[in-house]
Amino acid sequence: MSNVREVDVVVIGAGQAGLSSAYHLRRTGFVPDRDFVVLDHSPGPGGAWRFRWPSLTYGKVHGMHALPGMELTGADPARPSAEVITEYFDRYEQTFDLRIRRPVDVRAVREAGDGRLLVETSDGSWSTRALINATGTWDRPFWPRYPGQETFRGRQLHTAQYPGPEAFAGQRVVVVGGGASGTQHLLEIAPYAAATTWVTRRPPVFREGPFDEEAGRSAVALVEERVRQGLPPRSVVSVTGLPLNDAIRRGIAEGVLDRQPMFDRIIPDGVEWRDGRRVAADVILWATGFRPVVDHLAPLRLRGPGGGIRLEGTRVAADPRIHLVGYGPSASTIGANRAGRAAVRDIRRLLADEPLAAA
Ligand SMILES: Cc1cc2nc3c(=O)[nH]c(=O)nc-3n(C[C@H](O)[C@H](O)[C@H](O)COP(=O)(O)OP(=O)(O)OC[C@H]3O[C@@H](n4cnc5c(N)ncnc54)[C@H](O)[C@@H]3O)c2cc1C
């Protein structure tokens with residue numbers, strides 16, 4: 001095959017998970033461009049943070065962990081996290097000379113036939129001995145389907161397109177979803193909107209007290225167990241519950257966070273429940289989360305009967321050449337850091353023909 005470049009490791013994605021992996025590859029002696037490449041389809045640094053809405057200031061981000069080897073210090077909490085973190089990732093890439101290749105869109109990964117993997121991209125192909133997939137979830141917003149959705153005359157948008165609260169001035173907004181994004185959207189939009197309605201499938205779970213390490217560990221363990229069984233992961237954030245902070249308390253007291261059960265159908269000018277109750281709406285904002293970006297791995301048939309990809313640690317159980325970093329239990333900034341290190345340690349052993357560690 002012509003024009004196929006050979007490396008030992010391809011990292012797909014340069015968010016927290018991909019950069020952590022690249023850092024550990026470099027530290028263990030892998031040389032960028034010669035031994036490994038990092039491919040990212042974004043126009044610039046920042047991973048998904050680059051695209052987060054302007055009103056998500058750095059001060060509102062609850063648990064952003066710095067990347068390994070370089071602290072993020074002195075950031076102004078009033079600035080958008082999209083700017084702060086994009087600048088930090090940019091500095092990080094320069095400092096550790098990670099040479100991210102972008103924009104390079106990975107379209108498919110398939111067997112190369114010689115024990116290697118073929119990574120097909122918008123910029124030609126790479127043949128590699130190992131693969132770290134660190135593509136996150138941002139590019140795959142999840143929109144549930146409801147009867148009548150196509151008849152709605154208003155606007156529907158997802159968290160991934162949230163433009164900030166001013167865009168909803170004078171409008172009647174239905175926010176769907178019981179996670180951190182949904183509640184943040186409601187608290188921001190309510191002062192501008194003519195009316196807001198909050199609907200969630202399950203009653204929200206508010207969490208009293210600080211979110212300590214123990215709580216974090218048990219949240220991660222829940223997701224880890226699903227992934228070990230080959231089930232589709234839930235996001236870590238979805239199992240941590242909603243912190244009962246001052247803003248949330250105020251939202252509950254003022255009736256902004258007055259949760260209604262999920263509506264049963266969408267009608268041209270709003271939403272409707274089975275009992276005939278209706279709420280008029282100009283906008284439905286779907287704060288319904290994201291799914292892992294793994295479609296480009298489909299030719300490898302990694303999905304099991306449970307619908308997910310079974311992992312041992314970060315390693316794909318069915319294919320030790322492949323690691324999913326920032327997936328399932330490691331889909332948090334701290335998890336992505338740790339997973340990058342673990343994946344690199346494991347890949348080093350694989351490439352050196354040493355026995356792999358039990359997960
Ligand atoms: C609104 C919001 C707030 C959050 N706040 C927090 C928080 O406070 N603390 C926390 O720990 N976590 C938070 N999270 C979770 C957070 O997303 C993760 O912790 C982490 O930032 C994700 O990093 P990542 O590297 O896995 O993914 P991303 O940052 O999404 O990076 C993935 C990269 O892969 C690239 N990519 C994707 N597909 C391809 C392809 N086919 N080819 C080439 N490149 C590709 C993308 O361009 C992107 O740069 C939040 C999530 C959301 C949605």
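Select Ser127 first: leaving out residues up to four places away in sequence, Ser127 touches Val4, Arg5, Glu6, Val7, Arg116 and Leu117. The model on screen is a predicted one. Ser127 sits in strand β5. Its relative accessible area is 5%, and because buried means under 20%, Ser127 counts as buried.

**Helix α1**

Next, select residues 16-27, which form helix α1. At 1.5 Å a residue, these twelve residues should span 16 Å, and the end C-alpha atoms of α1 are 16 Å apart, which agrees. Colour the helix by accessibility: ten of the twelve residues of α1 are buried, so the helix is largely enclosed by the rest of the structure. The buried residues are Gln16, Ala17, Gly18, Leu19, Ser20, Ser21, Ala22, Tyr23, His24 and Leu25.

What should be displayed to see the cover over the buried residues of α1? Show β1 (4-12), β2, α2, β5 (124-133) and α7 (333-351), which are included in that cover. Then step past the end of the helix to Gly29, which follows α1 and has a positive phi, near 105°.

**The ligand**

Now select the ligand and the residues around it. There are 31 of these residues, and Ala17, Asp40, Ala48, Val106 and Thr333 come nearest. Ala17 has already appeared among the buried residues of α1.

Three polar distances can be drawn here:

- From a polar backbone atom of Ala17 to an oxygen atom of the ligand, the distance is 2.9 Å.
- From a backbone N or O atom of Ala48 to an oxygen atom of the ligand, the distance is 2.9 Å.
- From an N or O atom in the side chain of Trp49 to an oxygen atom of the ligand, the distance is 3.2 Å.

Taken alone, the ligand exposes 990 Å², and the protein buries 90% of that area.

**The loop at Ala66**

Move to Ala66, in the loop between β2 (36-39) and α2 (81-95). Setting aside residues up to four places away in sequence, Ala66 touches Gln16, Glu71, Leu72, Tyr88 and Asn337. Of these contacts, Gln16 is one of the buried residues of α1. Draw a C-alpha to C-alpha distance from Ala66 to Tyr88: the two are 22 residues apart in sequence and 9.2 Å apart in space.

**Leu351 in helix α7**

Select Leu351, which is placed in helix α7. Is Leu351 buried or exposed? Leu351 is buried, with a relative accessible area of 16%. Apart from neighbours within four places in sequence, Leu351 is in contact with Asp8, Val9, Phe30 and Arg129. For a longer line across the model, join the C-alpha atoms of Leu351 and Pro68, which are 283 residues apart in sequence and 23 Å apart in space.

**Helix α4**

The last stop is helix α4, residues 213-228. Its 16 residues should span 22 Å at 1.5 Å a residue, and the end C-alpha atoms are 22 Å apart, which agrees. Within α4, select Gly216, Ala219, Val223 and Val227, which are buried. Turn the view to look down the axis of α4: the buried residues fall within an arc of 80°, so they line one face of the helix. An α-helix has 3.6 residues a turn, so residues three or four places apart point the same way.

Finish at Gly230, just after α4, where phi is positive at about 80°.

How values were computed: Residues numbered from 1 in each chain as written. Predicted model: local features only at pLDDT ≥ 70, side-chain atom pairs only at ≥ 80, totals over all residues. Heavy atoms only, no water. Helix = DSSP H or I, 4+ residues; strand = E, 2+ residues; numbered from the N terminus. Contact = heavy atoms within 4.5 Å. Expected span 1.5 Å × (residues − 1). Buried < 20%, exposed > 50% of the residue type's maximum accessible area, 1.4 Å probe, protein only. Arc of directions from axis to C-beta. Near = heavy atom within 4 Å. Polar contact = N/O pair within 3.5 Å; in protein donor to acceptor, adjacent residues only side chain to side chain. Areas by Shrake-Rupley, 256 points an atom, 1.4 Å probe, with all protein chains shown as cover.
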